[in-house]
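This report walks through a few local features of one protein chain, for a reader who has not met it before. Please look over the sequence and the structure first, and then follow the sections in order.

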Amino acid sequence: MMGNVMDTAMNEETRKEILELCGQAAPYGAGIPVLKAALRRSDRVMTDQELLTQVSYLEGKGLVKVEKVENRRLDIHRRIVFLTPEGMDYLEGNGPDIVGVG
């Protein structure tokens, strides 16, 4: 049981940090490699899939939006994560409390 509580707390803190990083990157957004590198500096080492799971959660809450950028000719496939106005409100304390985000 304690592991679940710790995992939940860690996920919530990770999500909040993702929001803060996207806020710092606004209005340009942050790519997955940039988010991974920044989280690693906070001792949060994650796989791409783990990070995408957290980003997807935030997207489902309406706090971020994800845009796919592709150029098949140059073989570029990226996901850029942007903070939404709702995400900015959350960070500034002007929105409702969001369950699941620390």
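## Two loop residues with positive phi

Asp43 has its place in the loop between H2 and H3, and, as everywhere in this report, the description rests on a predicted model. The phi angle of Asp43 is near 65 degrees, which is a positive value in a residue other than glycine. With a relative accessible area of 72%, Asp43 is exposed, because exposed means over 50%.

A positive phi in a residue other than glycine is also found at Asp75, where the angle is near 55 degrees. Asp75 lies in the loop between strand E2 (64-71) and E3, and this residue is likewise exposed, its relative accessible area being 59%.

## The packing of H2 and H3

The loop that holds Asp43 runs between H2 and H3, and these helices, residues 32-41 for H2 and residues 48-60 for H3, pack with their axes 11 Å apart and at an angle of about 100 degrees. H2 and H3 are therefore roughly perpendicular to each other, since angles of 65 to 115 degrees count as such.

On the side of H2 the contact is made by Ile32, Leu35, Lys36 and Leu39, and on the side of H3 by Asp48, Leu51, Leu52 and Val55. Taken by kind, the residues of this contact between H2 and H3 divide into six nonpolar, no polar and two charged.

## A buried threonine

Thr84 is found in the loop between strand E3 (76-83) and helix H4 (85-92). Is this loop residue, Thr84, buried or exposed? Thr84 is buried, because its relative accessible area is 12% and buried means under 20%. When residues up to four places away in sequence are not counted, Thr84 touches Gly62, Leu63, Val64 and Lys65.

## Charges over rings

Lys65, one of the residues that Thr84 touches, lies over the face of Phe82, at 5.5 Å from the ring centre. A second arrangement of this kind involves Arg15, which lies over the face of Tyr57 at 3.7 Å from the ring centre. As for rings paired with one another, the structure holds zero aromatic pairs.

## A cis peptide bond

Ala26 and Pro27 are joined by a cis peptide bond, for which omega is about 5 degrees. Pro27 is found in the loop between helix H1 (2-25) and strand E1 (30-31).

How values were computed:
Residues numbered from 1 in each chain as written. Predicted model: local features only at pLDDT ≥ 70, side-chain atom pairs only at ≥ 80, totals over all residues. Heavy atoms only, no water. Helix = DSSP H or I, 4+ residues; strand = E, 2+ residues; numbered from the N terminus. Buried < 20%, exposed > 50% of the residue type's maximum accessible area, 1.4 Å probe, protein only. Contact = heavy atoms within 4.5 Å. Axes fitted to C-alpha atoms, helices over the stretch in contact; angles between N-to-C directions. Parallel < 35°, antiparallel > 145°, perpendicular 65-115°, else oblique. Nonpolar A, V, L, I, M, F, W, Y, C, P; charged D, E, K, R; others polar. Phe/Tyr/Trp six-rings, centres within 6.5 Å; stacked < 30°, edge-to-face > 60°. Lys NZ or Arg CZ within 6 Å of the ring centre and 35° of its normal.
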